[in-house]
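Visitor: Could you walk me through this protein and explain the words as we go?
Guide: Gladly, have a look first.

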Amino acid sequence: MSILNYLWIIPALPLLGSAINGLFGKKWPNKIVNTVAVGSTGLSFLAALEAVREFTRLAPENIPWVQQYFTWIIAGNFRAGFDLQIDHLTVVMLLVVTGVGWLIHIYSTGYMAHEGGYYRFFSYLNLFMFFMLILVLAANYVLLFVGWEGVGLSSYLLIGFYFLRKSAADAGKKAFIVNRIGDFGFMLGMFLLFKAFGTLDFVPLFAKAAPLPADALGHLGMFTVACLLLFMGACGKSAQLPLYVWLPDAMEGPTPVSALIHAATMVTAGVYVVARSHILFTHAPTAMFVVAVVGCATAFFAATIGLVQTDIKRVLAYSTVSQLGYMFLACGVGAFSAGIFHLMTHAFFKALLFLAAGSVIHAMGGEQDMQRMGGLGKKIRWTYLTMLTATLAIAGFPPFAGFFSKDTILFNAFKYKTFESDTAGLILYAVGLLTALLTSFYMFRLIFLTFKGKPRYDEKKVHVHESPWSMLGPLVMLALLSTIGGWLVLPAYFGGEDYFFRFLAPVFNAPEATAEPGGRSLEWILAGVAVLAATTGLAIAFSLYLRRPGKSDQLARSMRGLYNTLLNKYYVDEIYAALIVKPLLWISHNVLWQTVDVRAIDGTVNGLADGALGIGDGVRHTQSGNTRSYAVWVVIGALVIIAIIFWPSFRPTTIGVVR
Amino acid sequence: MNAPLIIFFVLAAMCVIGAISLILQRHPIHSALSLIVVMVALAGLYLLMGAEFVAAVQIIVYGGAIMVLFVFVIMLLNAGLEERTNFSKLAGFAGVPLAVALTGLLAAAVARSQDTVQAATQTGATAPTKALANLLFQDFVYPFELTSFLILVAILGAIVLAAPRGES
Amino acid sequence: MVPTHYYLILSAILFGLGVVAFVFKRNIITIFMSIELMLNAVNLAFVAFSQALNKLDGQVFVLFVIVVAAAEAAVGLGIIIMTVRNRQTLNVESVNLLKL
């Protein structure tokens, strides 16, 4: 039995787990809920592995491998089916989603052990896995959109998991609504693509699009508009400017949720869509430029906010937004494989960062404010070491995974040519480099504040203890992956092949900058510069937080204005509230509710009823109980009938004939 | 101006004066007597048109039976002068205009149809009673039998209605 | 000869007068008599048409109308007697039990 024929099993297993836990889990002990949830995800992971194994044996003509299961929509010429497909890109996403997802499930069994609603958590988590797998395996935009919306739903459910807390419920709503704004653009993009190509299935659509001429730079052709609309959806889902505001608030959810959904998988769906639609994007250089600029700007913007945040999860949230910006930067300059590579390594180290942060929070008994931590390194060694590994990875130190992926992105940005010049590429490179410096700085700031220095909490009140192995196991696993994950491209630096890009080449089949011969020395130089930036960031953090601990507060006081702006996230939420939310609420209340609903619709319906009452009131006067008035009504009736009967003879034409 | 026309106008005047008198009289017995005048005048008009049997039946049945019945009932009920109550405003306001409208409508219909109604084809011949009887008992025998049944029912109804209370 | 429409207009006038009496009089018996007046007006029209069209069907119909009027008068007067016994008055406005 070839699993390639039964691809639906991969998403169906978590769905089954979700249903079982959701329907029956309320009365079950934690152990059984665990088994169902972790087991279904684990089986899905195994199925994915098997699918990959069989995939590698397929002949090249069968790629992408598409399985059509049933027809979902038929309307005129439009057909959308429940079609799943596998190609190289799918393989990468599949392994990341199922693998990291499984590790996080295991972690959650330890983290959520004492929480209420245990079964509900795992039901939602499995539901999320189902939708994410649908998204990744989909063979047409419509099914992808189903998965897209589904992960948004799961995100809402999981962010608002502690729904009795108002801030959590509000955060869930905010995430869903902001996502929805992006989805509007995504849908318009889908409609436009359908209108242009008559189909939304990937294989035929891309085949039709490939030979068409590309849009001219600066010209808003069909490709450009469609790609910009799809990118708008990606901005919502992957938290880019201006739709990133939901991600920091999403930290209200439990930490495993932040790790899985808002670091490793859901937020990468936008990058996946852009990569999947790369044929469309390469036909729209304007759109790609926009993507690159937005990605770069977001990366820098979020990094600046992350510099001063005090909540450990907030720092990581802004870091996620920033790293997602890097992925879009990569896709924007044409290095799609680099973007996906960074997606993969980011999944490893960001999930690890979040899970380790969860471990810290668990150790501190629920404390999330870094200003009340300190000196934990000696007490929770495993957490400290794994988190340090992840920080080295994200800062971009070799030989950890982040170095390779970030370096490739910066290299491709450096060589980006658009508008007939190198200027754009150089600016993007410079900003990206600066962001790398900032990233290194704030991540090491986090490490130093949390694990080093003197404890800033009451040691008698808080008993810091290491987490159980159900939580530490995945941490170690992810640390390992963060270390060796980048080595797939290592040989390229020494004149060999980079295996990752070769793997993805059949999908992207565009010569990428790294394949150039003679570019080796430039690569080495840029790599060195990147490491220098990272080291600088580390040094500044060391100086400010370890050497002279008071210096950071001094700096904050002297640059009070800037500091407050950053601390308040550039007041973006407040601006949105004033500019968008308030007017919308006003319109909803006064126009839509009062005028349209109450006066127009209710008024019409009530008016009809009142009219009927009024007519009845008038007609009732004929029934007066008075015989003589009845007599009059009889005469009136007779008059009417006679008039009707004799009407033809009263018409002028008859008279004319008579005369 | 020929004789039939003069006779017509005389009889018509009698009809109309009788009808107006029926409206204007205050005691029902006077109204009944006015109605008798109208009926006799109408019988005269029928004769003028040559419908002798109908004229006879009009006098005998209408004048001799129905109006006598009315007079008897007026006597039985001790009808007095009419009261002056007026509870129906509608009748007060709308009555005259309505009647005028009705009459006007009918008259206008008649006037407009002068062309279709053949005038002055009166042959002067009298309608033979024999022909009428033939028509009645051959073509219209079914309605004839039904009307006899109707009369029977009316008699029964009248008796039941007017029987004194308290008797089983 | 008398033109037919003269008879018809007379019939219309008698009918109208009957309607006036029907609406304006308050004595039940008088109202009943106005109904008889209206029936007579219609009879006149029938006979006029019968004579104009030279067919006897109109007169046959007149006979039927007279018969029906007789039956109706008999039963109607019976009802009137009963009503008056209950109300002790001949005013038609005393028949107002359906009034709210």
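Guide: A polar contact is a pair of N or O atoms within 3.5 Å; within protein, one must be able to donate a hydrogen and the other to accept it, and residues adjacent in sequence count only if both atoms are side-chain atoms. By that rule, eleven residue pairs, both at pLDDT 80 or more, are in polar contact across the interface of domain 1 of chain A and domain 2 of chain A. This is a predicted model, where local features need pLDDT of at least 70, side-chain atom pairs count only at pLDDT 80 or more, and totals for chains, interfaces and linings use all residues. Residues are numbered from 1 along each chain as its sequence is written, and side-chain values use heavy atoms, leaving out hydrogens and water.

Visitor: Why is the pair A:Arg276 and A:Asp87 called a salt bridge?
Guide: A salt bridge needs a side-chain nitrogen of Lys or Arg within 4 Å of a carboxyl oxygen of Asp or Glu. The side chains of A:Arg276 and A:Asp87 meet at 2.8 Å, N to O, so the pair fits the rule.

Visitor: How many salt bridges does the rule find across the interface of domain 1 of chain A and domain 2 of chain A?
Guide: One.

Visitor: What makes 1–159 a domain of chain A?
Guide: The bounds come from an automatic or database domain assignment. It divides chain A into domain 1 (1–159), domain 2 (184–567) and domain 3 (569–610).

Visitor: Which residues of domain 1 and domain 2 of chain A are in contact, and how many?
Guide: Contact means heavy atoms within 4.5 Å, and 47 residues from domain 1 of chain A and 62 residues from domain 2 of chain A take part.

Terms used:
Chains lettered and ligands numbered in written order.
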